[in-house]
Structures are given as structure tokens and as C-alpha cells.
Amino acid sequence: MARAPFLDKFATRRERSDSRDSLEHVMHNIEAVLNTKKGYGFFMHDFGLGGYTEKLGTRELVEALPAEIQQEVTRHEPRLVEPEVKLRGRDSALWLYFDCKGTFNGQPCHLSLMFHSTTGRVRVQAEDT
């Protein structure tokens, strides 16, 4: 049996059936998972991204993030099948840009993930495939 996405655990039955299968719901769930820091905000200690307080803005952060983001998306967003996360680049405003490609509803799906390297904030957007 497939696992329910993280945010569905808090939604009413009607909310689940109305928007559960939309890409927007998938993106919102991924954003919620990645904006949660391990050890905070959920009863599972290993939920969310690791604590990078001492690594913010460093090369170690850039090297560790792609694998951890991919692991969290795979674990907590089962509707995105076989996600693959790769660093695309960074900008002068300290945002790291990642491509997240996978399959959603049997179709190729390309998401853009933005991680602010000093605050740890994550944003998710759909990309045209």
C-alpha cells in the first residue's frame, strides 16, 4: 500500500480528495518537508533537512544538500516517482538552485528547488518540460 504524502495527515477527507492529485499539492508538500529542520516540527526525529547552522554558506553545505534533498523527497512525497536532484547553480543573493526530475501521474515532471544558503529557506516551482 502506498504511503500518504506528509501534508495529507493533517487534511480533512474532503481536502484530500479535492486536490490530492494536483502538482501544486505535490510541490506544497515537498516545500513543507524541506522547510522542516531535523529534530523540529514533527514527531519523527529524522524528518526534514539536517541542521546546517554551522555549514550555512559553505562548500560542505553545497556538497551535502543534493543527496539529502533527494532522500527526503523520495521518502515523503511518494507521488513523485524516482526523483533525481541535481545542483544547477547559485546566484549572488545566496540562493542555490536545484533541478528535481521525476515522474508524476505517469508524465515527466521537472521542478525547480531553491535553497537559501544562509537562512535554509526552500521554495519549489514547476518547470516546463
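Does aspartate 99 count as buried or exposed, and what is its relative accessibility? In this predicted model, aspartate 99 has a relative accessibility of 17% and therefore counts as buried, since the limit for that class is under 20%. To see where this residue belongs, it is helpful to begin with the sheet.

The sheet is open and consists of 4 strands, arranged in the order S1-S2-S3-S4 with antiparallel pairing. In general, the strands of a sheet pair through backbone hydrogen bonds, and they may do so in a parallel or an antiparallel manner. Strand S1, residues 80-90, and strand S4, residues 122-127, stand at the edges; each has a single partner strand, and therefore one side of each is left without a neighbour in the sheet. On average, neighbouring strands of this sheet are turned by 25° against each other, direction ignored.

The pairing of strand S3, residues 107-116, with S4 may serve as an example: the two run in the antiparallel sense and are joined over 6 bridges. Within this part of the sheet, leucine 111 stands opposite alanine 126 in S4.

Two helices pack on the sheet. Helix H2, residues 23-34, touches S1, S2, S3 and S4, and its direction makes about 155° with that of S4. Helix H3, residues 59-76, touches S1, S2 and S3, and its direction makes about 160° with that of S1.

Attention may now turn to the charged side chains. The structure holds 4 salt bridges. One of them joins arginine 75 to glutamate 72, with the closest N and O atoms 3.2 Å apart. Both residues lie in helix H3; because they are 3 residues apart there, about one helical turn separates them. Their surroundings can be described by accessibility: glutamate 72, at 1% relative accessibility, counts as buried, whereas arginine 75, at 26%, counts as partly exposed.

Another salt bridge is formed by the side chains of lysine 86 and glutamate 84, at 3.1 Å from N to O. Glutamate 84 has a relative accessibility of 42% and so counts as partly exposed.

The discussion now returns to aspartate 99. This residue forms a salt bridge with arginine 88, in which the closest N and O atoms are 3.5 Å apart. The pair links distant parts of the chain, for arginine 88 lies in strand S1 and aspartate 99 in strand S2, 11 residues apart. Arginine 88, at 43% relative accessibility, counts as partly exposed, while aspartate 99, at 17%, counts as buried.

Methods
Residues are numbered from 1 along each chain as its sequence is written. This is a predicted model: local features need pLDDT of at least 70, side-chain atom pairs count only at pLDDT 80 or more; totals for chains, interfaces and linings use all residues. Side-chain values use heavy atoms; hydrogens and water are left out. Two strands pair if DSSP finds at least two bridges between them. Axes are lines fitted to C-alpha atoms, for helices over the stretch in contact, and angles run from 0 to 180 degrees between N-to-C directions. Contact means heavy atoms within 4.5 Å. Buried means under 20% relative accessible area, exposed over 50%, partly exposed in between (1.4 Å probe, protein chains only).
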